[in-house]
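Work through the exercises below with the sequence and the structure open beside you. Each task is followed by a solution that proceeds step by step.

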Amino acid sequence: MALLVKNIGTIVGIDTARRNRICGADMDSMERIDNAWLTTDGDRITGFGSADSMPSEVGYEVLDAGGGVLFPSYCDSHTHIVYAGSREQEFLDKIHGLSYEQIAARGGGILNSADRLHNTSEDELYSQAMERVREVMAMGTGAIEIKSGYGLTTEDELKMLRVIRRIAQSTPMAVRATFLGAHAFPRGYKGREQEYVDLICNTMLPAVAAEGLAEFVDVFCDRGFFTLEHTEQILLCAAKYGLRAKIHANELDFSDGVQLGVRMGALSVDHLESSGAAEIEALKGSGTMPTLLPGAAFFLGMSYPPARDMIAAGLPVTLASDYNPGSSPSGNMRFVTSLASIRMRMTPTEALWAATLNGAAAMGIADDYGSITVGKVANFFITKPLPSFEFFNYAYNTPLIDRVVLAGEIIN
Ligand code: NIG
Ligand code: FE
């Protein structure tokens, strides 16, 4: 189907230079066109321009944007959207004063989700996850990375990854899967942590690779979770199966996880609430995307990563939702970009690039996603008319998304 979107107030997020990521000071500039049109054919963007150059409507399905703003869809490069049930009891525990680590130490947290997942069938898990998938698509997400990590046994990790594959096959979003067997030590491994790491390397990774279920591997490398040595062993082993590294690093403490990620050629290091000059120095000049998850800092009441210092150092700052039941029960990327502005002083332009093109880069899909560019996949959403582009992040709770197009199809 060929689509002509007419009467667009402004197209934002245009990248004619086809950059593979956007770094430092460049993050605050963006091409845009007022009074615009855009065409698609099949799943691709075929053209756009200002109203005076609009093609004839003949042969197109016409979508009237009503003067709204057309944004490239968000590329959410860090989620745990496949999980069973929810954990609002721990939300109450937090209100009563327990920390994330104290809840985890009591057997709550990730192990609580692992128990629920174990007792949930693959079909049920799929249908719970699909509700969240539909929710995030309606909120503007068009590409998503999804992690395993609530299985923690070979069988249950494979169950999660098969659900992720089913999601990939049944949504118009781009989906990338990450194996996160090293999310927590299962019960019974206290004092025998190395045995679980060996199980990941010798049994889980070969099984994941045999079914081709993941593109990436991730490790929760942090205080009380996996050590640097565990992390390096798992990443080296995963590399043999062609799985590129991502790391949950520096959420709870300074761990050298960022430096390890850079040294191992990780595609991204994520969280980074505890980071300073040494982490920023390590990231400079590397291919590793610093991925910030302000929704988790917000929900857990933690300090926010130093985004301004990272941008000043020329880094390609990336934003993702971390959608998960324990530290960020929301996949609303627009709210993530507003938080980035409010709490990390990123401009709405910087936040948009961090949540689109740089998110795509953190999933290895920037050639096809993350900006309004001829030839890229036609993933975009259209807002109600706005007084300005900045209004979208400023009025962060007003429902403003009107239409959603993914892979060239109008889905909302
Ligand atoms: O990214 N930090 C580790 N993993 C998740 C939380 C998972 C959970 O609590 O269920 C995160 O914050
Ligand atoms: Fe996470």
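**Exercise 1.** What distance separates the centres of domain 1 and domain 2, taken over C-alpha atoms?

*Solution.* Bear in mind from the start that this is a predicted model. Begin with the bounds: the domain assignment gives domain 1 as residues 3-73 together with 370-410, and domain 2 as residues 74-361. Taking the centres over C-alpha atoms, one then finds that domain 1 and domain 2 are separated by 29 Å. In the contact between them, 36 residues come from domain 1 and 39 residues from domain 2.

**Exercise 2.** Describe the interface of the two domains by its area and its polar pairs.

*Solution.* First take the area: domain 1 and domain 2 bury about 2800 Å² between them, and 63% of this lies on carbon and sulfur atoms. Next ask which residues contribute on the side of domain 1, where Arg21, Met27 and Asn393 supply 25% of the area buried against domain 2, more than any other three residues. Then turn to the charged pairs, for which the rule finds 0 salt bridges across the interface of domain 1 and domain 2, whereas 14 residue pairs between the two domains are in polar contact, both residues being at pLDDT 80 or more.

Now place the surface of domain 1 that touches domain 2 on the secondary structure: the elements that give two or more residues to it are strand 1 (2-14), strand 5 (69-72), helix 15 (391-394) and strand 15 (401-406). By residue class, this side of domain 1 divides into 19 nonpolar, 11 polar and 6 charged residues.

**Exercise 3.** How many salt bridges does the rule count, and which parts does the pair Lys6 and Glu57 tie together?

*Solution.* The count comes to 19 salt bridges. One pair to inspect is that of Lys6 and Glu57, whose side chains meet in a salt bridge at 3.2 Å, N to O. Because Lys6 lies in strand 1 and Glu57 in the loop between strand 3 (44-50) and strand 4 (61-64), the pair ties together parts that are 51 residues apart in sequence.

**Exercise 4.** Compare the radius of gyration of the chain with that of a compact globule.

*Solution.* Start from the chain, which has 15 helices and 16 strands and whose C-alpha atoms fill a box of roughly 70 × 45 × 45 Å along the principal axes. A compact globule with 412 residues would have a radius of gyration near 22 Å, and the chain, at 21 Å, agrees with this.

Definitions and conventions. Residues are numbered from 1 along each chain as its sequence is written. Chains are lettered from A and ligands numbered from 1 in the order in which they are written. Side-chain values use heavy atoms; hydrogens and water are left out. Domain bounds come from an automatic or database domain assignment. Contact means heavy atoms within 4.5 Å. Buried area is the accessible area (1.4 Å probe) that two parts lose on being put together, summed over both. A salt bridge is a side-chain nitrogen of Lys or Arg within 4 Å of a carboxyl oxygen of Asp or Glu. A polar contact is a pair of N or O atoms within 3.5 Å; within protein, one must be able to donate a hydrogen and the other to accept it, and residues adjacent in sequence count only if both atoms are side-chain atoms. Helices (H or I, at least four residues) and strands (E, at least two) are DSSP runs, numbered from the N terminus. Ala, Val, Leu, Ile, Met, Phe, Trp, Tyr, Cys and Pro count as nonpolar, Asp, Glu, Lys and Arg as charged, and the others, Gly among them, as polar. The radius of gyration is taken over C-alpha atoms; the globule rule is 2.2 Å times the number of residues to the power 0.38.
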